[in-house]
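Trainee: I am new to this one and would like to learn how its labels are earned. Could we take them one at a time?

Mentor: Gladly; let us have the structure in front of us first.

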Number of protein chains: 2
Amino acid sequence: MTNHIVGNHALNKVMESNILKISQEARAAKALNPEVIDATVGMLHREDGKLFKYAVVEDLLQHLTDPEMYYYAPVNGSKEFSNGVIDWVFGNHKDAIVKTFHLSVIPTTGGSGALSNSIYNFNDFGNAMLIPNYYWTPYENIAEEAHVGVETFQLYDEHYHFNLKDFTQKAKALAIRQQRLFLILNDPCNNPTGFCLSKDNWKDIIAVLNELSRMGIPVILVHDSAYIDYQMVSHELSREVYEAFLELDDNILAIIAFSGSKTFSMYGFRIGAQLGMSKNKAIIEEFNRVGDYSVRARFSSVSRPAMSVIGKIFSQPNQMSLYLKELNTAVDLLRNRIAKFHECAEKEQLTMLPYGGGFFVGVETKNPNIFKDLVKDGVFIIAMPGMIRIALSSVKLSEIDRLVSIIKKHV
Amino acid sequence: MTNHIVGNHALNKVMESNILKISQEARAAKALNPEVIDATVGMLHREDGKLFKYAVVEDLLQHLTDPEMYYYAPVNGSKEFSNGVIDWVFGNHKDAIVKTFHLSVIPTTGGSGALSNSIYNFNDFGNAMLIPNYYWTPYENIAEEAHVGVETFQLYDEHYHFNLKDFTQKAKALAIRQQRLFLILNDPCNNPTGFCLSKDNWKDIIAVLNELSRMGIPVILVHDSAYIDYQMVSHELSREVYEAFLELDDNILAIIAFSGSKTFSMYGFRIGAQLGMSKNKAIIEEFNRVGDYSVRARFSSVSRPAMSVIGKIFSQPNQMSLYLKELNTAVDLLRNRIAKFHECAEKEQLTMLPYGGGFFVGVETKNPNIFKDLVKDGVFIIAMPGMIRIALSSVKLSEIDRLVSIIKKHV
């Protein structure tokens, strides 16, 4: 009987690896021994080892009114927040997007909440969703929680370019078999690899989606853009992808998962949004109906203090300008670390996956014990099937030399 | 095709009434006309119309370290938080409970997150859960989101005492039919009625649950204790119910939903917990497995600043003593308002439902247009089938006289 205290759909949920837990262990180990290198979690840290928080966030937090701090957040988000998300996400492509698409913003508990709601609402129980073979492992857990499976395509071809051929094959096979395609792409600055798709890659991908949509198959494209603000290019260039989105077929639903955690270093607050876009108004009405419902029925509402702070940054030009300056500093931190990493990797002849920005760099490995081997040498990373994920966000410049040689030793 | 962009299980989710949205409308109306009486939402306000925030919370919030504020919250909760929840929930019955039960605390996004995770994990798709006929309407939405239905029993008998007979009949019929009983009781200070079960009521309820459990039927009892700290009795007396819990059959899983929103006026932060208790260790292991998984796969983690603040209040006697003083003031606010409400109701011969504490008082009505009729007279309440819910938490003493006569006019 005790086997069935849980519902049938929950019988097999077992969290095999929890990145946040491994990261807690790494922090504990580093507290005991400062020589330990903690390259586990996606929270940006400065060279002095302290969290990279935004002064503008801190300052706004300290001056919120009681309603801005303690009240329940408005169910559909404050105007400052929700309109701000649209401005921020699309940048200088906003006008073209607004002209072409119906849009809707639903605040969620971080980017994870956006993914979780989307996977649950836009799949049938028992469906599988499509993701690349290197993926942020919680995708699998979020899918399993929604009683949805995972199928993968090869992210890279033999030249470590985007593998359009395998993507096309897998997408078509899955879509035709189950008469639904739900695709998640974490881009740019892919977690766990650091890979960035080009605008042309996106055009190719969208051409495949359009072909399937025109067969009458529901197609849902989730663009997980968590690390978009940490790409090694300008704000404008990082948003170039949305030019490709203009070509989306009428009946496709695209959902952009925005992460306030990453963009504003507000990791522990739990704020994000799902931004739905479709040329078909009825589809956005469906997006609204089920999305609002899920927010209310899963976590009731989202972090009010975080929504207030982000709304102010988005809507007040002076706050935005302070923020942009700090964001530059943040990106420079990562730029210096990846330059150092490249230099050391070259010296050690360590092959790494192509990096275009973000918190993580990936190294492929065939060592099944890589995690334990590295821990013995005082290095904590996240091991995933076939690769390790190294969080540049949480290592210091001065540690990178040692980090790379230890990795080289075990990889 | 657009009909099926969503999964089959999400086809019929429509949010008919959203309390938070109605409350936003009420606030907007009051901003235009201060004569409007806003008796909609469960956030405690002072006599000057301002939020009743806790000074101890405010002070701790302003002095958190960066990790306490910005980092992801520990997945299983900080020790200060999780142990503190156990101490706080059980009060002077803790030792007896700890001796008798296996316990586990899982932090959630408010009490709602605890309910949502529990309903999803401990029902099969298509099951129905049991609740009283007067209920907080989001229960129905949370169930629908989890693809679970709702059946009700009559809360009151003809004397407005707990209707054990109808409870017993409905519980047995449902449990035997579907071979599972998932029961939610919001007590004490029931939302929406203000009703409080006695310890003897709980003993009777648990006797029924035990009978079903001994037939080999999985029984899950969710005790939604959101308003327990606002009962019109001492902390000790409000926890007396847990004496009855000692009698729970070995194979029953009880889950207490703790609401940090209510207990600490941190509504907009989204913090709470589900506290699992069972005499069967294997059942608590299941509770842990699926609960941890749901947290990670639905909202990733919970509010770190809120967990930090509450952990400090729970673990530092000087902070706790400051908090308890303020809590007394909060309860006195409600005590004065209900006294005034009783006085006015008697004068107007308005029959109200029995009130034992909490933010809400209920009045039965057969007027199907009650909401609109009251709004025309400048009064916002929450209308539910057969009754209205009046939030004492958000009205002033000086408004109660007028409030009661307007209600009397339309009820």
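Mentor: We start with B:Glu247 and B:Lys203, which form a salt bridge with their closest N and O atoms 3.6 Å apart. Keep in mind that this is a predicted model.

Trainee: Why is the contact between B:Glu247 and B:Lys203 called a salt bridge?

Mentor: The cut-off is a Lys or Arg side-chain nitrogen within 4 Å of a carboxyl oxygen of Asp or Glu. The N and O atoms of B:Lys203 and B:Glu247 are 3.6 Å apart, so the pair qualifies.

Trainee: What makes it a link between distant parts of the chain?

Mentor: The two residues are 44 residues apart. B:Glu247 sits in the loop between helix H11 and strand S7 of chain B, while B:Lys203 belongs to helix H9.

Trainee: And why are B:Glu247 and B:Lys203 called partly exposed?

Mentor: Buried means under 20% relative accessible area and exposed means over 50%, with partly exposed in between. B:Glu247 has 39% and B:Lys203 has 29%, so both labels follow.

Trainee: Which salt bridge joins helix H15 to helix H17 in chain A?

Mentor: That one is between A:Lys347 and A:Asp401, with closest N and O atoms 3.4 Å apart. A:Lys347 lies in helix H15 and A:Asp401 in helix H17, 54 residues apart.

Trainee: Is A:Lys347 buried or exposed, and how do you know?

Mentor: A:Lys347 has 57% relative accessibility, so it counts as exposed. Its partner A:Asp401, at 30%, counts as partly exposed.

Trainee: What other residue of helix H17 takes part in a salt bridge?

Mentor: A:Lys409, which meets A:Asp377 at 2.6 Å, N to O. A:Asp377 is in the loop between helix H16 and strand S10, 32 residues away from A:Lys409. With 55% relative accessibility A:Lys409 counts as exposed, whereas A:Asp377, at 27%, is partly exposed.

Trainee: Staying in helix H17, why is A:Glu399 called buried?

Mentor: Its relative accessibility is 7%, and the limit for buried is under 20%, so the label holds. A:Glu399 is found in helix H17, and beyond its neighbours within four places in sequence it is in contact with A:Lys30, A:Val36 and A:Ile37.

Trainee: What makes B:Leu350 buried?

Mentor: Its relative accessible area is 7%, so it falls in the buried class. B:Leu350 is in the loop between helix H15 and strand S9 of chain B, and its contacts beyond four places in sequence include B:Phe341, B:Val363 and B:Ile407.

Trainee: How do you know that B:Asp373 has no salt bridge?

Mentor: The nearest side chain of opposite charge, B:Lys376, is 4.2 Å away. A salt bridge must be within 4 Å, so B:Asp373 is left without one, although it is buried. B:Asp373 is in helix H16 of chain B and, leaving aside neighbours within four places in sequence, is in contact with B:Asn367 and B:His410.

Trainee: How many salt bridges are there over all chains?

Mentor: The count comes to 45. Among the linked residues are A:Lys13, A:Glu145 and B:Arg298, which belong to a network of salt bridges.

Trainee: Last one: why is chain A called as compact as a globular protein of that length?

Mentor: Chain A has 17 helices and twelve strands. Its radius of gyration is 21 Å and the globule rule gives 22 Å for 411 residues; the two values are close, so the description fits. Buried residues make up 64% of the 411 residues.

Definitions and conventions:
Residues numbered from 1 in each chain as written. Chains lettered and ligands numbered in written order. Predicted model: local features only at pLDDT ≥ 70, side-chain atom pairs only at ≥ 80, totals over all residues. Heavy atoms only, no water. Helix = DSSP H or I, 4+ residues; strand = E, 2+ residues; numbered from the N terminus. Rg over C-alpha atoms; globule rule 2.2 N^0.38 Å. Buried < 20%, exposed > 50% of the residue type's maximum accessible area, 1.4 Å probe, protein only. Lys, Arg positive; Asp, Glu negative; His and termini not counted. Contact = heavy atoms within 4.5 Å.
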